[in-house]
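Please read the sequence and the structure below together. The text that follows goes from one residue to its surroundings, then on to another part of the chain.

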Amino acid sequence: MSVEVDDVREQPSALVLWVVAFAGVAFWTAHVLIEISLVPYSRHHHWVVWWMHGLTVVLATATLIALLLSRRIAIRANAEEGHDSPAGRTAFLGWFGIFVNAANLVLIIVEGIYIGVLWTHA
């Protein structure tokens with residue numbers, strides 16, 4: 001029985017993998033819900049718009065960090081996604097996290113741009 005290096009390399013815990021892979025979804029959801037709740041206040045208080053922009057920057061940064069962590073996990077797994085081992089599954093979740101977090105980062109940025117458009121037309 002031979003043991004491959006991929007099989008004995010220490011892998012991140014399942015909780016860490018899933019949290020990093022889906023962090024962007026949580027940050028995007030928070031962004032949408034908080035921004036929607038702040039829109040009525042932004043009509044009466046213009047400083048609320050700056051809080052909305054700040055929230056966009058904070059959540060976009062958090063999503064970018066999750067994306068970079070997913071990239072690090074995918075690279076450190078050092079296996080192909082199709083490889084039937086813990087390293088292969090870790091690499092798959094790392095690459096999956098890259099794509100999910102990138103999509104959510106784009107959504108957050110586009111919504112942040114939309115805030116600027118709304119404010120100028122209000």
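**Contacts and core**

Ile 108 touches Phe 27, Trp 28, His 31, Thr 56, Leu 59, Ala 60 and Thr 63, when residues up to four places away in sequence are not counted. The model shown here is predicted.

Two of these partners, Leu 59 and Ala 60, return in the largest nonpolar core, whose 5 residues are Leu 55, Leu 59, Ala 60, Leu 105 and Ile 108. Helices α3 (47–77) and α4 each supply at least two residues of this core. The most comes from α3, which gives 3 residues.

Helix α4 spans residues 86–121 and also holds Asn 101. Is Asn 101 buried or exposed? Its relative accessibility is 0%, and because buried means under 20% relative accessible area, Asn 101 counts as buried. With neighbours within four places in sequence left aside, Asn 101 is in contact with Val 20, Ala 21, Ala 23, Gly 24, Thr 63, Ala 66, Leu 67 and Ser 70. Thr 63 is thus a contact of Asn 101 and is also touched by Ile 108.

Another place to look is Leu 38, in helix α2, which covers residues 14–44. Which residues does Leu 38 touch, not counting those up to four places away in sequence? They are Val 48 and Met 52. Leu 38 can also be placed relative to Val 49, 11 residues apart from it along the chain: the C-alpha atoms of the two are separated by 8.3 Å.

Technical notes. Residues are numbered from 1 along each chain as its sequence is written. This is a predicted model: local features need pLDDT of at least 70, side-chain atom pairs count only at pLDDT 80 or more; totals for chains, interfaces and linings use all residues. Side-chain values use heavy atoms; hydrogens and water are left out. Helices (H or I, at least four residues) and strands (E, at least two) are DSSP runs, numbered from the N terminus. Buried means under 20% relative accessible area, exposed over 50%, partly exposed in between (1.4 Å probe, protein chains only). Contact means heavy atoms within 4.5 Å. A nonpolar core is a set of buried Ala, Val, Leu, Ile, Met, Phe, Trp, Tyr and Cys residues joined through side-chain atoms within 4.5 Å.
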